[in-house]
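Thanks, everyone. Let's take a quick look at today's structure. Please bring it up on the screen.

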Amino acid sequence: MLHHRHALATRTPAARTARRARTVLTLAAAAAALAGLAACQSSSPPPTTTSVAPAKAPADRPDRGARDGEAAGHVPDGTTVFDDDLPALANLDPALLTALQAAATDAEQDGVTFFVNSAWRSAEYQDQLLREAVAQYGSAAEAARWVASADTSSHVTGDAVDLQQTGGSQWVADHGAAYGLCRVYANEPWHVELRQDAADGGCPEPYADPSQDPRLQQ
Ligand SMILES: [Zn+2]
């Protein structure tokens, strides 16, 4: 009996702690996901830094699961450029996908795997990211500094992939030009697009940030 009560007394706080840990993890994952996607889709530079979105905790962000479903372009953890049965990869420009897979095959020789954080996204998914950014940043104007619209995002057209920085992004910086793979924005080293001419002349000089990219001017 005493033993039983003791067990209950210790189990309850433990369960509470576990639940709290899960909540924190979920929020952290959601924040990380939004920060990565948002920074990559920004149409203006960050106000003070040129690297990534500030680690602003979106406390008021609804827990919508942070995922819009694979059909809309969601990429599960551990996805590589060879997982081309996923819509996120299947809907990329075929030339971009082919170049990525060729590069990734060679990168494996260096022990590097191309892990994908994001690739093609549906217009609805992109719009959802924009709406969430409006809720997070408080105004459409501020959100526009971080998240592109579905009309301008190169992810929506299937022309961009975001690689993990330790899983392909650096390798592309070092060797990507030979495959026509280029980093486009100095402040988004993970964002890779196809530049067919790069095999001959090297990658063009990256834009400092997406606000310098004429394609994103509306
Ligand atoms: Zn991107």
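How many bridges join strand 3 to strand 4? Four is the count: 4 bridges, with the two strands running antiparallel. Keep in mind that this is a predicted model. Take Cys182 as one position to look at. Its bridge partner is Glu193, in strand 4.

Now zoom out to the sheet. It is open and has 4 strands, in the order 1-2-4-3. The pairing is antiparallel. Which strands sit at the edges? Strand 1, residues 116-118, and strand 3. Each of these pairs on one side only. On average, neighbouring strands in this sheet are turned by 45° against each other, ignoring direction.

Next, the nonpolar core. As background, nonpolar side chains in soluble globular proteins tend to be buried together. Here the largest nonpolar core has 32 residues. Leu100, Val116, Val161 and Leu181 have the most contacts inside this core. Several elements supply at least two residues each, including strand 2 (161-163), strand 3 (181-185) and strand 4 (188-194). Helices 2 (87-90), 3 (94-109) and 6 (169-175) do so too. Helix 3 gives the largest share, with 7 residues.

Let's stop at Leu181. What does Leu181 touch, leaving aside neighbours within four places in sequence? Leu181 is in contact with Ala99, Leu100 and Ala103, and also with Val172, Gly176, Val192 and Leu194.

One last stop. Apart from the largest core lies another core, of 9 residues. Tyr125, Leu130, Ala133 and Leu216 are among them.

Methods: Residues are numbered from 1 along each chain as its sequence is written. This is a predicted model: local features need pLDDT of at least 70, side-chain atom pairs count only at pLDDT 80 or more; totals for chains, interfaces and linings use all residues. A nonpolar core is a set of buried Ala, Val, Leu, Ile, Met, Phe, Trp, Tyr and Cys residues joined through C-beta atoms within 7 Å. A residue is buried if 20 or more other C-beta atoms lie within 10 Å of its own, exposed if 12 or fewer, and partly exposed in between; C-beta atoms are placed from the backbone. Two residues are in contact if their C-beta atoms, placed from the backbone, lie within 7 Å. Two strands pair if DSSP finds at least two bridges between them. Axes are lines fitted to C-alpha atoms, for helices over the stretch in contact, and angles run from 0 to 180 degrees between N-to-C directions.
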